[in-house]
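Please walk me through this structure in the viewer, telling me what to select at each stop and what is to be found there.

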Amino acid sequence: MKTILYILIFNFSTICLGQDPILLDREWFLNELIIDGESYPRTPNVDGLAYFSEESMFTSHSTCSGGLSATISYSAANIFEIFDGVVLVDMGCTPEAKTFMEKHHSFYGIYENPHNNPFDYIIVPNGDHFSLTVANVYGDQAIYGTQPILSAGSFHRNAVAVYPNPVKTKLNITTTTLQENLVLKTFTIKGKLLSTQNVVFKKETSIDVSGLSSGIYFLKIEDGNGNTTIKKFIKE
């Protein structure tokens, strides 16, 4: 009887405190921001994406070096809060991209303290893909999807992979796109830029991560056409 009760309590706690596994460890492409009732749609020249893990969130914009990184906490099912948010350097933005990126950051309240917590979200199937709508405490919305708009500066889903993960010394990067010039930027989970590397290859290359401390990192991969993707990796 005690065992059954424990299982019921455990399952109830998981339902209450867990998050939708579809949210985690995938790229969400930003389609539209709705702030103070005004729509800010994504355009072919301006894009953004978000990446959520169990410990953090990370955003990126293809035409900018900037983005944001924050610690994340899931307080209940489909509800989260962000803490310790930092804005990454935004050099290289066009004025249009910089404005859109700042709107993206302001949705999360990254420029304010406290941030715009709590956030609730809903994930809805959309054919072979999913849509994600995140709402902040003020009712503003960020609407994402798993299907990229290829002309908007993002790699096609699954076009880039990193392995092994976790990694000890060499992190391999493979791509099905035949881009010869890539820029690899390594960030800590707090958003600190650790290194920038320019590599020339077609399908596979590797980077030395043996000097990194054990922990979680993000690798931002950019090609010569402004396409980007973010991959999380764990250093053992």
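Begin by selecting Val162, which lies in strand β10 of what is a predicted model. With a relative accessible area of 16%, Val162 falls under the 20% limit and therefore counts as buried. If you show its surroundings and set aside residues up to four places away in sequence, Val162 touches Leu171, Asn172, Ile173, Leu219, Lys231 and Lys232. To see how far along the chain these contacts reach, draw a distance between the C-alpha atoms of Val162 and Lys232: the two residues are 70 apart along the chain, and the separation is 8.6 Å.

Next, extend the selection from Val162 to its strand and the neighbouring one. β10 is joined by four bridges to strand β11, residues 170-175, and the two run antiparallel; within this pair, Val162 stands opposite Ile173 of β11.

Now move to Asn172, whose place is also in strand β11. Is Asn172 buried or exposed? Its relative accessibility is 17%, so Asn172 counts as buried. Neighbours within four places in sequence aside, Asn172 is in contact with Ala161, Val162, Tyr163 and Pro164, and also with Glu204, Thr205 and Ser206.

Those last residues lead to the whole sheet, for which you should select β10, β11 and β14. The three strands form an open sheet in the order β10-β11-β14, with antiparallel pairing. β10 (160-163) and β14 (204-208) stand at the edges and have a single partner strand each, so one side of each is left without a neighbour in the sheet. Looking along the sheet, you should find neighbouring strands turned by 20 degrees against each other on average, direction ignored.

Continue to the four-stranded sheet by selecting β12, β13, β15 and β16. This sheet is open as well, its order is β13-β12-β15-β16, and its pairing is antiparallel. Here β13 (193-200) and β16 (228-235) are the edge strands, each with a single partner, so that one side of each lacks a neighbour in the sheet. From one strand to the next, the twist averages 20 degrees. Within the sheet, follow strand β15, residues 215-223, which pairs with β16 in the antiparallel sense over eight bridges, and pick out Lys220, which stands opposite Ile230 in β16.

For the next stop, go back along the chain to β1, a strand with several pairings to follow. β1 and strand β2, residues 38-41, pair in the antiparallel sense over four bridges, and Glu32 has Pro41 of β2 as its bridge partner. The two strands form a hairpin with two residues between them, and in the turn Asp36 has a positive phi of about 55 degrees. Three bridges join β1 to β3, again antiparallel, with Phe29 standing opposite Leu49 in β3. β1 also pairs with β9 in the antiparallel sense, over five bridges, where the bridge partner of Leu33 is Ala142.

Keep β1 displayed and turn to the side chains of the largest nonpolar core. Which of its 31 residues touch the most other members? They are Leu23, Phe52, Phe80, Ile82, Tyr108, Leu132 and Tyr144. Two or more residues each are given to this core by β1 (27-35), β3 (49-52), β5 (67-76), β6 (79-88), α2 (95-107), β7 (119-126), β8 (129-135) and β9 (141-145). Select Phe80 for a closer look: leaving out neighbours within four places in sequence, its contacts include Phe52, Ile72, Tyr74, Tyr108, Pro118, Phe119, Tyr121 and Val134. A second, separate core has 16 residues, including Leu182, Val199, Ile221 and the starting residue of this tour, Val162.

Finally, display the entire chain, which has two helices and 16 strands. Of its 236 residues, 46% are buried, and the accessible surface comes to about 11,600 Å², with 56% of it belonging to carbon and sulfur atoms. Among contacts between residues at least 6 apart in sequence, 57% join residues at least 24 apart. Colour the chain by pLDDT before leaving: the mean is 79, and 79% of the residues reach 70 or more. Residues 1-17 have a pLDDT below 50, and beyond near neighbours in sequence this stretch has eight contacts in the model.

Key: Residues are numbered from 1 along each chain as its sequence is written. This is a predicted model: local features need pLDDT of at least 70, side-chain atom pairs count only at pLDDT 80 or more; totals for chains, interfaces and linings use all residues. Side-chain values use heavy atoms; hydrogens and water are left out. Two strands pair if DSSP finds at least two bridges between them. Axes are lines fitted to C-alpha atoms, for helices over the stretch in contact, and angles run from 0 to 180 degrees between N-to-C directions. pLDDT is the predictor's confidence in each residue, from 0 to 100. Contact means heavy atoms within 4.5 Å. A nonpolar core is a set of buried Ala, Val, Leu, Ile, Met, Phe, Trp, Tyr and Cys residues joined through side-chain atoms within 4.5 Å. Buried means under 20% relative accessible area, exposed over 50%, partly exposed in between (1.4 Å probe, protein chains only). Accessible areas come from the Shrake-Rupley method with a 1.4 Å probe; for residues, only the protein chains shown count as cover.
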